[in-house]
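Got your viewer open? Here is a short walk through the model, one selection at a time.

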Amino acid sequence: MTQSPLEKIQVLDQIEKEIVLCLQSAGQALLELSKEKSSQKNAENHTQQFLKSLNAVESKLSEQINYLTQVSTGQPHEGSGYAAAKVLQMAWHRIHHARSRIRELEESKTKYLQLSNRQQTNYPNGGNTQQGSSNII
């Protein structure tokens, strides 16, 4: 049972109308009770209408809260782009991390090559420094 965004908004509108009806019923019940000659039957009818509306509002709001909880926790849900957006965000994070790690490795390689080149220029014979020896036959 997937609902379009428009249908979801209509459900919320219905809940809002039910809340208004609930408040009106409560107000009418209190108004009836505040009269000097109040009708117990009218007060009970308004009270019953209030309780009925309150139960309907409670169940519909619970459904909406359950839906929002399911969507916000990343559980797969038809029509929800949250899970896909989270996967994309994590992929971008991994790419950023991989690039920074490659940059660090490149810097280490460059330092190593520079150090290696310095050592070769300081010791051109591969580190063999025998000065003062002559090969006379």
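Contact here means heavy atoms within 4.5 Å. Keep that in mind for the packing: the buried residues of helix 2 pack against helix 1 and helix 3 (82-122). One caution before clicking around: this is a predicted model.

**The whole chain**

Start with a cartoon view of everything. You should find three helices and zero strands, running α-α-α from the N terminus on. The protein chain has 137 residues, and 9% of them count as buried. Switch on a surface if you like: the accessible area is about 11,900 Å², with 55% of that belonging to carbon and sulfur atoms. As for contacts between residues with a separation of 6 or more, 49% come from residues 24 or more positions apart.

**Helix 1**

Now select 5-34, which is helix 1. How far apart are its end C-alpha atoms? They are 44 Å apart, in agreement with the 44 Å that 30 residues should span at 1.5 Å a residue. Next, colour the buried residues of this helix: Val11, Ile15, Glu18, Cys22, Ser25, Ala29 and Glu32. Look at what they face, and you will see that the buried residues of helix 1 pack against helix 2.

**Ser25**

Zoom in on Ser25 in helix 1. Is Ser25 buried or exposed? Its relative accessibility is 2%, so Ser25 counts as buried. Show its surroundings, leaving out residues up to four places away in sequence, and Ser25 touches His46, Gln49 and Phe50.

**Gln28**

Keep His46 on screen and add Gln28, also a helix 1 residue. The side chains of Gln28 and His46 are joined by a polar contact of 3.1 Å. Gln28 has a relative accessible area of 39%, which means partly exposed. For a backbone distance, pick the C-alpha atoms of Gln28 and Thr47: these two residues are 19 apart along the chain, and the atoms are separated by 8.5 Å.

**Glu32 and Lys35**

Move on to Glu32, still in helix 1. Side chains of opposite charge can pair when their charged atoms come close. Here the partner is Lys35: the side chains of Glu32 and Lys35 meet in a salt bridge, at 3.3 Å from N to O. How accessible is each partner? Glu32 counts as buried because its relative accessibility is 7%, under the 20% cut-off. Lys35, at 42% relative accessibility, counts as partly exposed. Then show what else Glu32 reaches: leaving aside neighbours within four places in sequence, Glu32 is in contact with Ser38, Ser39, Asn42 and Ala43.

**Helix 2**

Ala43 leads you into the next element, since Ala43 is one of the buried residues of helix 2. Select 40-72 to get all of helix 2. This helix has 33 residues and reaches 47 Å from its first C-alpha to its last, close to the 48 Å expected at 1.5 Å a residue. Along with Ala43, colour Ser53, Val57, Gln64 and Val71, which are buried too. With helix 1 and helix 3 both displayed, you can trace the two packing partners of these buried residues.

**The nonpolar patch**

Go back to the surface view and highlight Ile19, Leu23, Leu61 and Ile65. Together they form a nonpolar patch on the surface, with about 350 Å² of accessible area. Which helices supply this patch? Helix 1 and helix 2 each supply at least two of its residues. Click on Leu61, whose place is in helix 2. Leu61 is at 34% relative accessibility and therefore counts as partly exposed.

**Helix 3**

For the last stop, select 82-122, helix 3. Show the side chains of Glu104 and Arg101, which meet in a salt bridge at 3.1 Å from N to O. Why are they about one helical turn apart? Glu104 and Arg101 sit three residues apart in helix 3, so about one helical turn separates them. Glu104 is partly exposed, at 40% relative accessibility, and Arg101 is partly exposed as well, at 43%. The structure holds two salt bridges, so to finish, put the Glu32 and Lys35 pair and the Glu104 and Arg101 pair on screen together.

How values were computed
Residues are numbered from 1 along each chain as its sequence is written. This is a predicted model: local features need pLDDT of at least 70, side-chain atom pairs count only at pLDDT 80 or more; totals for chains, interfaces and linings use all residues. Side-chain values use heavy atoms; hydrogens and water are left out. Patches are made of residues with over 30% relative accessible area and no salt bridge: like charges are joined within 9 Å, nonpolar side chains (Val, Leu, Ile, Met, Phe, Trp, Tyr) within 5 Å. Accessible areas come from the Shrake-Rupley method with a 1.4 Å probe; for residues, only the protein chains shown count as cover. A salt bridge is a side-chain nitrogen of Lys or Arg within 4 Å of a carboxyl oxygen of Asp or Glu. Helices (H or I, at least four residues) and strands (E, at least two) are DSSP runs, numbered from the N terminus. Buried means under 20% relative accessible area, exposed over 50%, partly exposed in between (1.4 Å probe, protein chains only). A polar contact is a pair of N or O atoms within 3.5 Å; within protein, one must be able to donate a hydrogen and the other to accept it, and residues adjacent in sequence count only if both atoms are side-chain atoms. The expected span of a helix is 1.5 Å times one less than its number of residues.
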